[in-house]
Amino acid sequence: MVLRGTNQEKARPYNRRIVLECIRNGGPATRGEIASRVGLTVQTVSTIVRELEDQAYLLSVREQPKGRGLPPTTLHLNPNGGYAIGISVTPLGVDAALMNLAGEMLGSVARSCPHPSPSQAFDLIGQLVGEMRALRQDGRILGVGLAMPGPFDVQSMSFVGPTTLDGWSDVPVRARLEEVSNLPAFIAVDTVAAALGVRLYGEGAGISQFYYLHFGVGLGGTMMQDGVPIRGAWGNAGEIGHVPIMPGGRPCPCGNVGCLERYLSLDSFSQRPSGQSQEAWVQEVTPIFHSAIRIIENLFDPQAIVLGGIAPADLIDQLVATADVLPTSISSRYDRTTPRLIASAGRQSVLHGAAALAVSGVLSPRQDLTPTTDRVRKRDPFSNGMAA
Ligand SMILES: [Zn+2]
């Protein structure tokens, strides 16, 4: 899905975003290629490209000559044209990372702080933002993105439990984040951030329709459709952890019984009977895991399910290995080019995605992934001095 520009002079700020987004998503391109992709004239694109080069967002690279004639110039993102800070708050603590425009992680830090209260978390975030900024003192920091466990703002369920954060329900998270960081701030549910990270920089890079299953302290997930997360009315779509899987099963802090994440999550893993090995646990939960896979496949028809999260890599790998023999679903096809289940190696997907939220939030013409209750008014980085 490519957004189109508009050939009206007053639309130039929008068109700048369109051109930048075209290169961010589609990779390096010539002026002519950009023009045909976004529906602008080559003349307009050339003007915009010159501005973006002046602002150091883009670099012109002369390709190697292949035959006679002058080789074309392609436009690349300038990796150091901007930086973003990604933050992840979990029931285990607060993590932060600094990412450049090319998606490279330039540094990260993790602070343990079990079940942080909002004030504990924002104190830590303030410190960590300072540490990350110090890694590129003269760099243009575009913004900060924060990921935290969902579901967001669910009123009929208390969701006070080991997999969620207690005391956060009425906190103006985005405003507090902006206050402690002094940067444009963006927030999303951790699964949405991680899915975005996997899509932009991980195993989902070549897959336009995938479901990202996030194995964290709890269990969550997000369907990525054409590279964009399906959000639902309140931003909680795909929240698989509270799907009832076991009638009369284990009680869940959400108020129901037999929820999937009572069986399949780091929290349930940590509560396995003492002496039970990891392998034995995986064997025990395999039928439940396979039911979850079929539910996801039958609901969303993804090309693949990508399993990632903050679980140890060998646990993710053992779960993915059980998919050698999967029960049938609408996803059992002979014409598959990807496996039904893929392991995501990147434990930093959440941070990657959180930082990408800030880049998209500031530079992209669309894509506000902030939950509907806490939307931010878009600033223009090309006119408010950030791009100076
Ligand atoms: Zn539940």
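D301 counts as partly exposed, because its relative accessibility is 48%, and in this predicted model the residue is found in the loop that runs between α8 (278-300) and β12 (304-309). Although D301 is not a glycine, its phi is positive, at about 50 degrees. A second residue with such a backbone angle is A56, where phi is near 70 degrees, again a positive value in a residue other than glycine. A56 lies in the loop between α3 (42-54) and β2, and with a relative accessibility of 31% it too counts as partly exposed, because partly exposed residues fall between the 20% limit for buried and the 50% limit for exposed.

From these two loops one can turn to the protein as a whole, which has 10 helices and 13 strands. Of its 388 residues, 55% are buried. When contacts between residues at least 6 apart in sequence are considered, 64% of them join residues at least 24 apart.

The strand β2, which follows the loop of A56, belongs to an open sheet of three strands, arranged in the order β1-β3-β2 with antiparallel pairing. The edges of this sheet are formed by β1 (29-30) and β2 (58-62), each of which pairs on one side only. Between β1 and strand β3 (residues 73-77) the antiparallel pairing extends over two bridges, and T30 stands opposite T74 in β3. Helix α1 (residues 12-26) packs on the sheet, where it touches β2 and β3, and the direction of α1 makes about 85 degrees with that of β3.

Elsewhere in the chain, strand β7 (residues 141-148) contains V144, a residue that counts as buried because its relative accessibility is 0%. Leaving aside residues up to four places away in sequence, V144 touches I85, I87, V129, L177, S181, L183, P184, A185, F186 and A358. For one of these partners, L177, the separation from V144 is 33 residues in sequence, while the C-alpha to C-alpha distance in space is 8.1 Å.

Another partner of V144 is A358, whose number places it within helix α10 (residues 349-363). This helix has 15 residues and reaches 20 Å from its first C-alpha to its last, which is close to the 21 Å expected at 1.5 Å a residue. How many of the residues of α10 are buried? The count is 15 of the 15, so α10 is largely enclosed by the rest of the structure.

Part of the surroundings of α10 is helix α6 (residues 190-201), since the axes of the two helices come within 7 Å and cross at roughly 90 degrees. The helices α6 and α10 are therefore roughly perpendicular to each other, because angles of 65 to 115 degrees count as such. On the side of α6, the contact is made by D190, A193, A194, L196, G197, V198, L200 and Y201, whereas α10 contributes S349, V350, H352, G353, A354, A356 and L357. By class, the residues of this contact of α6 with α10 divide into 10 nonpolar, four polar and one charged.

Definitions and conventions
Residues numbered from 1 in each chain as written. Predicted model: local features only at pLDDT ≥ 70, side-chain atom pairs only at ≥ 80, totals over all residues. Heavy atoms only, no water. Axes fitted to C-alpha atoms, helices over the stretch in contact; angles between N-to-C directions. Helix = DSSP H or I, 4+ residues; strand = E, 2+ residues; numbered from the N terminus. Parallel < 35°, antiparallel > 145°, perpendicular 65-115°, else oblique. Contact = heavy atoms within 4.5 Å. Nonpolar A, V, L, I, M, F, W, Y, C, P; charged D, E, K, R; others polar. Expected span 1.5 Å × (residues − 1). Buried < 20%, exposed > 50% of the residue type's maximum accessible area, 1.4 Å probe, protein only. Pairing = 2+ DSSP bridges.
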